[in-house]
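User: Please take a close look at the open sheet in this structure, and at the loops and the cavity that go with it. I am in my first year, so kindly explain each term as it comes up.

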Amino acid sequence: MPEALESALAEVRALLLAPGLTRAVAAGRRRGQRPSVVRAELRPVALKSGPRLQIATSDGSRPHTRNVAPGAEADAAVDELLAEPFGNWHVETADATIQLRVTKSGEAQVHRAAASRTAGEPERHDRAKEWLLDPGDPLFREIGGSAAKRRQVDAFLRALAATLPDDLTGPLRVVDLGCGNAYLTFAAYRYLLRRGLDVTLVGVDVREDQRRRNTELAERLGWADRVSFVAGTIAEAPVEPAPDLVLALHACDTATDEALARAVRWDARWVLAAPCCHHDLAAQLRARPAPGPYELLTRQGILRERFADVLTDALRAGLLRLHGYRAEVVEFVDSQHTPRNLLIRARRTAGASTDGQRAEYRELVGQWGVTPRLETLLAERA
């Protein structure tokens, strides 16, 4: 083992066993090696029998949790995990955060920063709800900490967690197209960092004042070297290199289509898009009679608008499928928090579309006489 890596692991060990530990995550694997578990998470908990170090591991299909006592038992458990060939360690204490990444050549890359969360009581074993991002995290003091916002953040992070593989390793490049005030942007970075990933994130918004505001916030959080912002349109803003993960949350109307088209052109591995309003196809449906026997679907204005929403997102998912993605449309937050609660979640498979899939798509758009904006955008750059 290289001396630098051995030294970095010794530093990690000291933090894992220190009283100030708040949370640690080990994930990924080193080149040519595979840990016995895909992920491990450590945190202090307060039980009736006294303080314990909780260790939660997963083999990719089944979680396992144990609580070990301070002293020899905790020492042995920590040493056992440090002997595993994990590619990333992310450790948070009351005073500092350390991220250790093992490169392909086996060298240690260590990033240290002041703690990005305040010290608090250890999490209780009987906690009512396990949040992916603690509601007490200092991030919420910066972005706003309303209960509704925390619920939306948690729902989005759960969708993100379900999209990315548990054993994801290596650098992860993320872009948030139409990021606005960037509260989900920052939450995504915080969550991915806590998973032990080497993340760089770019937020794109058309407003220059938002770029300045978000950049200042990144500086206050100590993330300016990894989180940056660009003022520009979704379609044209410079983003280099191409991202692995594309986010587009509540981009209005055809802005969602621009985000999806750009993700396809980038060959992004994953896409999460939460559409907002759907005016484009609604206007096309108003301009011509509905095909029989579907007049009742569009005769009433409110029903036509809702049907346009469904048709738009169904065609978006179908187009993604034709361009090498596995796409699904899911509800990512309860409708009581926002009526715009659907999420298009896509993963690139690079598989070729079939004749049947192409025929299915062409039959649907032909029957309704519509031309989705996403289809036009993809054809322009084909």
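Analyst: The account below begins with the sheet and then turns to loops and to the cavity.

The model is predicted: local features need pLDDT of at least 70, side-chain atom pairs count only at pLDDT 80 or more, and totals for chains, interfaces and linings use all residues. Residues are numbered from 1 along each chain as its sequence is written, and side-chain values use heavy atoms, with hydrogens and water left out.

The open sheet has 7 strands in the order S11-S10-S9-S12-S13-S15-S14, and its pairing is mixed. Helices (H or I, at least four residues) and strands (E, at least two) are DSSP runs, numbered from the N terminus; two strands pair if DSSP finds at least two bridges between them. Strands of a sheet pair through backbone hydrogen bonds, either parallel or antiparallel. Strands S11 (227-231) and S14 (325-331) stand at the edges with a single partner strand each, so one side of each has no neighbour in the sheet. From one strand to the next, the twist averages 15°; such angles run from 0 to 180 degrees between N-to-C directions, with axes fitted as lines to C-alpha atoms, for helices over the stretch in contact.

Within the sheet, S9 (residues 171-177) and S12 (residues 245-249) run parallel and are joined by 3 bridges. Val174 has Leu245 of S12 as its bridge partner.

Several loops deserve attention. Most residues other than glycine have a negative phi, and most peptide bonds are trans. In the loop between S9 and helix H5 (183-194) lies Ala182, whose phi is positive, near 70°. Ala182 counts as buried, at 1% relative accessibility (buried means under 20% relative accessible area, exposed over 50%, partly exposed in between, with a 1.4 Å probe and protein chains only). Asp253, in the loop between S12 and H7, has a positive phi near 50° and is buried at 16% relative accessibility. Pro241 lies in the loop between S11 and S12, and a cis peptide bond with omega of about -10° joins Glu240 to Pro241.

Asp253 also leads to the cavity, as one of the residues that line the largest cavity, together with others including His278, Asp280 and Arg316. A cavity is a set of points on a 1 Å grid over the protein atoms alone where a 1.4 Å probe fits but cannot get out; lining residues have an atom within 4 Å of a point. Helices H7 (254-266), H8 (279-286) and H10 (301-322) each give two or more residues to this lining.

Technical notes. On a 1 Å grid over the protein atoms alone, a cavity is a set of points where a 1.4 Å probe fits but cannot get out, and a pocket is an open set with protein on both sides within 12 Å along at least five of seven lines; lining residues have an atom within 4 Å of a point.
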